[in-house]
Amino acid sequence: MIGEYTDEELHRLHEVLYETLTEIVRVCDLLNIPYFIQGGTAIGAFYEESILPWDDDIDLGMTRPNYERFLREAPALIDDSRFFLQWVETEPHTPFYFAKMRRKNTTFLEHDFRNLPIHQGIFIDIFPYDRVPDNPWMQRAQRTLANFFNCCFIGKEVWMWRHCGRCETDHHTNRGFLPCLLQRIVQTLLTKRMVYRLLRLSQGMANGLRSATFYNMVLMPRDHIAVHAVENPERRQLGPVSVWAPSDLETYLRRHYPGLQRYVPKEKQQNHRPDLLQFE
């Protein structure tokens, strides 16, 4: 297990996450914006109808058009006394290409990003999903390009590699000298917003392929969700909140997690224990 929480910490953290989820669902319902649970959140809904007992986050997905509309229209409806929608337009120093709904007056200080001047509240991740080509070679090429621009985007705020700069994290990621050099050149020539636009274009380059059968965050090789499962969602319970999930949820989960099982040994339970956790 990556980090140890006390039972009280997890209980209070889950309460804040459910509160934040309730706000996102409320806004999405008002705007008629579809969303879906994914990743470990979907595992929790499938087996437990709640957040997994050891888990410490919630992950939501939206197709690209819905995600962009959420970013444009949701801020007018969000209770900004309690929540903050974080993305590059509202938080210039964010290292995340995706959006986070942060709970104000809380702290969830992630180790690698502890020195960044950004809002560090407890959060829910909201990921954009784009179509990906069915052809494995084209899919790999798209993913490689998107990952390059994502590294450029992150590198504007924190350097995580051993070459062409001082690594600012405890463990550098494994990239060769030439990719790091090219990344440095791009970061020097382009602004962060320009890099973000290129990343967005690379992620969405297959959205015109109506024959594509899967959505993906593009950066992840196995995070495939069938188009028909996203476009025909089903209701699932997640704690006190009724949420949308991809249809035929088990098929998606077994594709993404080949070793899917209900009871996970403690040493394999994954979470993101922060350096500092504070509640309101």
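I take buried to mean under 20% relative accessible area. The model I am reading is predicted.

**Entry 1: cover of α2**

I looked up how helix α2, residues 39-47, is covered. Eight of its nine residues are buried, so by the cut-off above I call α2 mostly covered. I list the buried ones as G39, G40, T41, A42, I43, G44, A45 and Y47. What do these buried residues pack against? I find β1 (36-37), β2 (59-63), β9 (234-238) and α8 on the other side of the contacts. I also checked the residue that follows α2: E49 has a positive phi, near 55°.

**Entry 2: α2 against α8**

I then took α8, residues 249-256, as the partner helix. The two axes come within 10 Å and cross at roughly 135°. That angle is neither under 35 degrees, nor over 145, nor from 65 to 115, so I enter α2 and α8 as oblique to each other. The crossing of α2 past α8 is left-handed. From α2, I note G39, A42, I43, F46 and Y47 in the contact; from α8, L249, E250, Y252, L253 and R254. Sorted by class, this contact holds seven nonpolar residues, one polar and two charged. G39, A42, I43 and Y47 are named both among the buried residues of α2 and in its contact with α8.

**Entry 3: α4 against α6**

Next I looked at helix α4 (residues 136-155) and helix α6 (residues 192-203). Their axes lie 9 Å apart, and the packing angle is about 160°. Angles over 145 degrees count as roughly antiparallel, and therefore I enter the pair as such. α4 passes α6 with a left-handed crossing. Which residues of α4 meet α6? I read off Q142, L145, A146, F149, N150, C152 and F153. On the α6 side they meet K192, V195, Y196, L198, L199, S202 and Q203. In this contact I have nine nonpolar residues, four polar and one charged.

**Entry 4: cysteines**

C152 in that contact led me to look for disulfides, and the structure holds zero. Why is C151 not bonded to C152? The sulfur of C152 is the closest cysteine sulfur to that of C151, but at 7.1 Å it is too far for a bond, because a disulfide needs the two sulfur atoms within 2.5 Å. From the side of C152, the nearest cysteine sulfur is that of C151, again 7.1 Å away. I also asked whether C151 is buried or exposed. C151 has 14% relative accessibility and counts as buried. C152 is buried too, with a relative accessible area of 0%.

Terms used:
Residues numbered from 1 in each chain as written. Predicted model: local features only at pLDDT ≥ 70, side-chain atom pairs only at ≥ 80, totals over all residues. Heavy atoms only, no water. Buried < 20%, exposed > 50% of the residue type's maximum accessible area, 1.4 Å probe, protein only. Axes fitted to C-alpha atoms, helices over the stretch in contact; angles between N-to-C directions. Helix = DSSP H or I, 4+ residues; strand = E, 2+ residues; numbered from the N terminus. Left-handed = near helix turned anticlockwise from the far one by under 90°. Contact = heavy atoms within 4.5 Å. Nonpolar A, V, L, I, M, F, W, Y, C, P; charged D, E, K, R; others polar.
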